[in-house]
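Before this model goes any further, I would like to set down some remarks on its metal sites, its secondary structure and its backbone. Please read them with the coordinates open.

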Amino acid sequence: MLPPRQQPRPGSLQTSLSLVSSEHRLSPDAQEPRSNSDNVHESPTESASSQETWPTADAVTAKKMENGKIENDCPEQSVIRRVSSADKITLRDIARERVDVISEKMHRLPDEFLDELKNQLKAILEGNGGSQNREEFLILQKLVQSRSDLTAKTLIRAHRAQLEILVAINTGIQAFLHPNISLSQTSLIEVFVYKRCRNIACQNQLPADDCTCELCANRNGFCNLCMCVICNKFDFEVNTCRWIGCDLCSHWTHTDCAIRDGQICMGPSVKSGSGPTEMLFRCRACNRTSELFGWVKDVFQHCAPAWDREALMRELDFVSRIFRGSDDPRGKKLFWKCEDLLEKMRGGQAESTACRSILIFFQGTM
Ligand SMILES: [Zn+2]
Ligand SMILES: [Zn+2]
Ligand SMILES: [Zn+2]
Ligand SMILES: [Zn+2]
């Protein structure tokens, strides 16, 4: 079995976590209610959030004051830089008008005006304005995604801010508007045309690892190194049973997504191909199966000693949900063991005791 995402992915985990939470909040499909009946079993970690990555209001105010001061000192310049209403552009203009036309206008507009446009989009992506923001975002995204003229060739002529805005609209990820995230113009274009992973902490060339599977070949923007085969989302959880790796093609799937979509079920043992059945994971990318018991055992043996109480309970819950429908004695025993330990921990059992108990259980299994 693959290493259970034991190593953090390339890039700083701190940054990653911030970006992850952004993606989870911003991605339009992340906000869609799941239409499955298994919602109650979903992991509560799905909505884990972290610190906002945007500059503080103080910094923005300081910048404005600085600009104000400059303008006061040079009255002529402030006249020159005043934006006539004919020159003004909106986010919708950027989403629908020709790259060179907008680019030319943007080059004439002051930085403050462009920053304001980015802030408008940031507010829309944050969605604090509720359904109105969401509607506006969907309008912008539809405009951008229905165009055929936005290609690597035409985007070379885009203004930097224009490109950032187009990428943010296309991906739904506001991090591309962040002043501290300085991807090269080329990288931004590649993200836009799905040649590079939109996950800023990953940024691999696509298809990742030159994979030729149907999914990597046909799903725009899918990255097999960091995204879930089923829901297309990424996060940076490591040392966990939250992600299942396919033994054969190495693509990843959220355990929750696999359970929800019925990709975890009983089947003939992977090793023997016949005989006793066991709980298996069927990979959506390659349609082949991987065994689960050995994988769970491996994750626990490597990672459990480092988990805190909350993590241990969460992981036991994952395992319990994976093995709930087991028919075989070993899978059933694991399910019962997890349920028993969860019950005891809710009753106050120390995590160290519970951890020792599950590791002893695994030691006694093959
Ligand atoms: Zn693939
Ligand atoms: Zn990626
Ligand atoms: Zn998923
Ligand atoms: Zn696979």
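The numbered points below take up the metal sites, then the strands, then the helices, and finally some backbone details of a model that is predicted.

1. The site of the zinc ion (ligand 4) has as its ligating atoms the SG atoms of Cys246, Cys249, Cys283 and Cys286, at 2.2 to 2.4 Å. The 4 donor atoms subtend angles of 102 to 120° around this zinc ion, and the arrangement is therefore tetrahedral. As a reference for anyone setting up parameters, the ideal angle for four tetrahedral donors is 109.5 degrees.

2. Along the chain, the donors of the zinc ion (ligand 4) are spaced as C-x2-C-x33-C-x2-C. Because cysteine 249 sits in the loop between strand 1 (243–245) and strand 2 (252–254), while cysteine 283 sits in the loop between strand 4 and strand 5, this pair ties together parts that are 34 residues apart in sequence. Cysteine 283 has a relative accessibility of 0% and so counts as buried, the cut-off for that term being under 20% relative accessible area.

3. The zinc ion (ligand 2) has its protein donors in Cys197, Cys202, Cys223 and Cys226, each through SG, and they lie 2.3 to 2.4 Å from the ion. This site, too, is tetrahedral, with angles of 98 to 116° among its 4 donor atoms. The spacing of these donors along the chain reads C-x4-C-x20-C-x2-C.

4. Where do cysteine 197 and cysteine 226 lie with respect to helix 11? Cysteine 197 is found in the loop between helix 10 and helix 11 (214–218), and cysteine 226 in the loop between helix 11 and strand 1, so that the pair ties together parts 29 residues apart in sequence. Cysteine 197 counts as buried because its relative accessibility is 1%, and cysteine 226 counts as buried at 1% as well.

5. Turning to the strands, there is an open sheet of 3 strands in the order 3-4-5, paired in the antiparallel sense. Strand 3 and strand 5 are its edge strands, each of them pairing on one side only. On average, and with direction ignored, neighbouring strands of this sheet are turned by 55° against each other.

6. The pairing within the sheet can be followed bridge by bridge. Strand 3 (residues 264–268) is joined to strand 4 (residues 277–282) by 5 bridges in the antiparallel sense, and methionine 266 has methionine 279 of strand 4 as its bridge partner. Between strand 4 and strand 5 (residues 289–291) there are 3 bridges, again antiparallel, with arginine 282 opposite threonine 289 of strand 5. These two strands, 4 and 5, form a hairpin with 6 residues between them, and asparagine 287 in the turn has a positive phi of about 65°.

7. Among the helices, helix 10 (residues 185–192) deserves a look, since 6 of its 8 residues are buried. The buried residues are Ser187, Leu188, Ile189, Glu190, Val191 and Phe192, and what covers them includes helix 7 (131–145), helix 8 (152–155) and helix 9 (160–171). After helix 10 comes tyrosine 194, with a positive phi near 65°.

8. Helix 6 (residues 111–126) and helix 7 have axes that come within 8 Å and cross at roughly 115°, and the crossing is left-handed. On the helix 6 side the meeting residues are Leu121, Ala123, Ile124 and Leu125, and on the helix 7 side they are Asn133, Glu136, Phe137 and Leu140.

9. The loop between helix 10 and helix 11 calls for a check of the backbone. It contains proline 207, which is joined to leucine 206 by a cis peptide bond with omega about -5°. Glutamine 203 is placed in this loop and has a phi near 55°, a positive value in a residue other than glycine; at 22% relative accessibility, glutamine 203 counts as partly exposed. Aspartate 209 also lies in this loop, and its phi is positive at about 55° although it is not a glycine. With a relative accessible area of 61%, aspartate 209 is exposed.

How values were computed: Residues are numbered from 1 along each chain as its sequence is written. Chains are lettered from A and ligands numbered from 1 in the order in which they are written. This is a predicted model: local features need pLDDT of at least 70, side-chain atom pairs count only at pLDDT 80 or more; totals for chains, interfaces and linings use all residues. Side-chain values use heavy atoms; hydrogens and water are left out. Two strands pair if DSSP finds at least two bridges between them. Buried means under 20% relative accessible area, exposed over 50%, partly exposed in between (1.4 Å probe, protein chains only). Contact means heavy atoms within 4.5 Å. Donors are N, O and S atoms within 2.8 Å of the metal (3.2 Å for Na, K and Ca); water is not among the atoms, so sites may look incomplete. Four donors count as tetrahedral if all angles lie between 85 and 135 degrees; four count as square planar and six as octahedral if opposite donors are over 155 degrees apart and all others between 65 and 115; anything else is irregular. Axes are lines fitted to C-alpha atoms, for helices over the stretch in contact, and angles run from 0 to 180 degrees between N-to-C directions. A crossing is left-handed if the near helix is turned anticlockwise from the far one by less than a right angle, and right-handed if clockwise.
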